[in-house]
Amino acid sequence: MNFINENAALNGLADYIIKSGVCLYNSVKYIYSLAENEFYSVNIKDALKIILNNVPETDGLRALGLRIDDYTCREMQGEEYNRVLPLMVFSLAVRIPVLKNVKNGEDTMTDDQLYRLYTAVLDKGAENYRDIITETFLETKYLVRKGKKLPPFTADWYKSYIYSSVPALSEITNKNMFLLGFVDVLFAMFYSCAEDGLARKLLEYADEAPERENDE
């Protein structure tokens with residue numbers, strides 16, 4: 001795909017993926033905070049609507065009076081849980097090849113551009129800690145090339161990681177069970193919005209290309 005400044009475009013797309021990962025990370029914390037005193041006063045539909053309508057912004061739920069401080073998210077404080085953020089970004093990065101389906105006229109991203117975008121996201125901190133994420137960039141590339149559907153974007157890896165590495169969140173409590181049940185819904189809906197947003201961002205960069213301007 002043609003860009004007026006390819007490096008800037010790839011860097012901007014990488015930043016969007018990073019911000020989306022941060023958005024998902026913070027959204028999980030905000031949802032977890034619902035189980036504190038605000039649990040019965042905040043409509044979960046309103047919370048979802050704010051999250052999904054504002055990807056990749058991260059703090060829209062503050063408008064509902066929610067917070068993600070050391071008190072409401074005390075079980076999420078610590079090195080092991082902090083590794084969830086680079087894992088979330090990595091889970092988005094391995095799906096970068098789906099951008100091959102985004103067309104600007106007949107123009108699409110090249111395999112080289114897709115891989116450079118993937119490595120840019122890794123350079124910015126995405127990490128598959130302990131190989132928790134089973135999906136890979138190459139597997140996604142193969143599925144896209146063959147025109148096959150990708151597996152659903154689920155919270156399975158997140159829950160597996162919690163059960164194995166963050167015991168404070170795996171204890172059977174109302175708050176923990178609420179979180180581990182809700183992330184299934186959140187991850188699936190969030191990814192759909194993040195993918196659409198990334199596609200729009202790609203087309204914004206492509207529309208700036210000189211070739212497009214000359215055609216107009």
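These legends describe close-up views of one predicted protein model.

Residue numbers start from 1 along each chain as its sequence is written, and side-chain values use heavy atoms, with hydrogens and water left out. In this predicted model, local features need pLDDT of at least 70 and side-chain atom pairs count only at pLDDT 80 or more, while totals for chains, interfaces and linings use all residues.

**View 1. The whole chain has 10 helices and 0 strands.** Helices (H or I, at least four residues) and strands (E, at least two) are DSSP runs, numbered from the N terminus. From that end, the elements run α-α-α-α-α-α-α-α-α-α. The radius of gyration is 18 Å, close to the 17 Å that the globule rule gives for 216 residues, so the chain is as compact as a globular protein of that length. This radius is taken over C-alpha atoms, and the globule rule is 2.2 Å times the number of residues to the power 0.38. Along the principal axes, the C-alpha atoms fill a box of roughly 60 × 35 × 30 Å. Of the 216 residues, 48% count as buried. Buried means under 20% relative accessible area, exposed over 50%, and partly exposed in between (1.4 Å probe, protein chains only). Among contacts with a separation of 6 or more, 83% come from residues 24 or more positions apart. Contact means heavy atoms within 4.5 Å. The chain exposes about 11,000 Å², and carbon and sulfur atoms supply 48% of it. Accessible areas come from the Shrake-Rupley method with a 1.4 Å probe; for residues, only the protein chains shown count as cover.

**View 2. Phe-153 and Phe-187 form a stacked ring pair.** A search of the whole structure finds 13 aromatic pairs. In this one, the ring centres are 5.9 Å apart and the planes are at 25°, so the pair is stacked. Rings of Phe, Tyr and Trp (its six-membered ring) pair if their centres lie within 6.5 Å; planes under 30 degrees apart count as stacked, over 60 as edge-to-face and the rest as tilted. Phe-153 sits in the loop between helix 6 (137-145) and helix 7 (156-165), and Phe-187 in helix 9 (residues 174-207). The pair links distant parts of the chain, 34 residues apart. Both Phe-153 and Phe-187 are buried. Ring pairs join these two with Tyr-25, Tyr-81, Trp-157, Tyr-158 and Tyr-191 in a cluster.

**View 3. Two arginines lie over tyrosine rings.** Arg-74 lies over the face of Tyr-71, at 4.8 Å from the ring centre. The charged end of Arg-83 sits over the ring of Tyr-129, 4.1 Å from its centre. A charge sits over a ring if NZ of Lys or CZ of Arg is within 6 Å of the ring centre and within 35 degrees of the ring normal.

**View 4. Helix 6 has a buried side and exposed residues on the other side.** Phe-137, Thr-140, Leu-143 and Val-144 are buried in helix 6. They cover an arc of only 130° around the axis, which puts them on the same side of helix 6. The arc is that of the directions from the helix axis to the C-beta atoms. These buried residues pack against helix 4 (84-93) and helix 5 (111-123). On the other side, Leu-138 and Arg-145 are exposed. Gly-147 follows helix 6, with a positive phi near 70°.

**View 5. Helix 2 has its own buried side.** In helix 2, the buried residues are Ala-47, Leu-48, Ile-51 and Leu-52. Their arc of only 120° around the axis puts them on the same side of helix 2. Their cover includes helix 1 and helix 9. Lys-45 and Lys-49 are exposed on the other side.

**View 6. Leu-117 is a buried residue of helix 5.** Its relative accessibility is 0%. Leu-117 touches Leu-10, Leu-13, Ala-14, Ile-17, Ile-96, Leu-99 and Met-109, not counting residues up to four places away in sequence.

**View 7. Ala-35 lies in the loop between helix 1 (6-33) and helix 2 (44-52).** Ala-35 is partly exposed, with a relative accessible area of 22%. The C-alpha atoms of Ala-35 and Asn-174 are separated by 7.9 Å, yet these residues are 139 apart along the chain. Ala-35 touches Lys-175 and Phe-178, not counting residues up to four places away in sequence.

**View 8. Arg-130 and Asp-131 have positive phi values.** Most residues other than glycine have a negative phi. Arg-130 has a phi of about 55°, and Asp-131 also has one of about 55°. Arg-130 is in the loop between helix 5 and helix 6, as is Asp-131. Asp-131 is exposed, with a relative accessible area of 60%.
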